[in-house]
Amino acid sequence: VKVTTKKATKEGGPCLLIDEETGECMAAEFIVDALRRHFVLQVLSEGARREMSCPIEDIQDIFQIEDGADCFPAPVLKALGPEERQGLFMLVSRGFLVAGRPGGGGGPGGMEDIN
């Protein structure tokens, strides 16, 4: 799953969560919870909101589209046009992978469900 945004470290906001296996996009919202030190993703699916989080210290790497298209699964790239790839990032952590882009949705891959 991939998520993208330039403001992730300061305020959070709407994004697209993209399933790395299918390329399915889902509306989501991300928040960096400074108090709990978690990256939080709220996925809006079928009228319900599901919240998942990852401790910030568990983040192993963050790839941006500027790092090269080969850093991203093919279904993620196929789900986005060239202009939509701007802001694309992929967060790699122990136990999960998140990929997406600002402003828009995707599929969770092992994030801790905190609801």
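# Notebook: contacts, cores and loops

I began with glutamine 42, whose side chain makes a polar contact with the side chain of glutamate 51 at 2.6 Å. The model I am reading is a predicted one.

**Entry 1. Glutamine 42.** I looked up where this residue sits, and found glutamine 42 in strand E3. Is glutamine 42 buried or exposed? Its relative accessible area is 11%, and the limit for buried is under 20%, so glutamine 42 counts as buried. I then listed its contacts, setting aside neighbours within four places in sequence. Glutamine 42 touches Ala27, Ala28, Glu29 and Ile31, and also Arg49, Arg50 and Glu51. Glu51 in that list is the partner I noted at the start, at 2.6 Å.

**Entry 2. The whole chain.** I stepped back to count the elements. The protein has 1 helix and 8 strands. In sequence order I read the pattern β-β-β-β-β-α-β-β-β, with the helix entered as H1 (74-79). The protein has 115 residues, and 45% of them count as buried. I noted an accessible surface of about 6,100 Å² for the protein. Carbon and sulfur atoms hold 49% of that surface.

**Entry 3. The largest nonpolar core.** Which residues make up the largest nonpolar core? I found 11 residues there: Cys15, Leu17, Met26, Ala28, Phe30, Phe39, Leu41, Val43, Met52, Phe89 and Leu91. Strands E1 (13-18), E2 (25-33), E3 (38-45) and E6 (89-93) each give two or more residues to this core. Apart from it lies another core, of 8 residues, including Ile18, Ile65, Val76 and Met90. As a background remark, nonpolar side chains tend to be buried together in soluble globular proteins.

**Entry 4. The aromatic pair.** I checked the rings next. The count is 1 aromatic pair. Phenylalanine 30 and phenylalanine 39 form this pair, with ring centres 6.4 Å apart and 10 degrees between the planes. Why is the pair called stacked? Planes under 30 degrees apart count as stacked, and the angle here is 10 degrees, so the pair falls in that class. I also looked up the burial of both partners. Phenylalanine 30 has a relative accessible area of 1% and is buried. Phenylalanine 39 is buried as well, at 4%. Both names appear in the list for the largest nonpolar core.

**Entry 5. Methionine 90.** I went back to the other core, where Met90 is one of the residues. Methionine 90 has its place in strand E6. Its relative accessibility is 4%, so methionine 90 counts as buried. I checked its distance to aspartate 61, which is 29 residues away along the chain. The C-alpha atoms of the two residues are separated by 8.2 Å.

**Entry 6. Aspartate 19.** Where does aspartate 19 lie? I found this residue in the loop between E1 and E2. Aspartate 19 counts as buried, at 16% relative accessibility. Its side chain reaches two backbone nitrogens: that of glutamate 21 at 2.7 Å and that of threonine 22 at 3.0 Å. I then looked farther along the chain. Alanine 79 is 60 residues from aspartate 19 in sequence, and their C-alpha atoms are 9.3 Å apart.

**Entry 7. Phenylalanine 72.** This residue lies in the loop between strand E5 (59-64) and helix H1 (74-79). Phenylalanine 72 is buried, with a relative accessible area of 6%. I noted that phenylalanine 72 and glutamate 20 are 52 residues apart along the chain. Their C-alpha atoms are separated by 8.2 Å.

**Entry 8. The salt bridge and arginine 37.** How many salt bridges are there? I counted 1 salt bridge. Aspartate 33 forms a salt bridge with arginine 36, and their closest N and O atoms are 3.9 Å apart. The cut-off is 4 Å, so this pair is counted. Arginine 36 has a relative accessible area of 41% and is partly exposed. I then turned to arginine 37, which is found in the loop between E2 and E3. Arginine 37 is partly exposed too, at 47% relative accessibility. I noted its backbone angle: arginine 37 is not a glycine, yet has a positive phi of about 60 degrees.

Methods. Residues numbered from 1 in each chain as written. Predicted model: local features only at pLDDT ≥ 70, side-chain atom pairs only at ≥ 80, totals over all residues. Heavy atoms only, no water. Phe/Tyr/Trp six-rings, centres within 6.5 Å; stacked < 30°, edge-to-face > 60°. Buried < 20%, exposed > 50% of the residue type's maximum accessible area, 1.4 Å probe, protein only. Core = buried A, V, L, I, M, F, W, Y, C linked by side-chain atoms within 4.5 Å. Helix = DSSP H or I, 4+ residues; strand = E, 2+ residues; numbered from the N terminus. Areas by Shrake-Rupley, 256 points an atom, 1.4 Å probe, with all protein chains shown as cover. Salt bridge = Lys/Arg side-chain N within 4 Å of Asp/Glu carboxyl O. Polar contact = N/O pair within 3.5 Å; in protein donor to acceptor, adjacent residues only side chain to side chain. Contact = heavy atoms within 4.5 Å.
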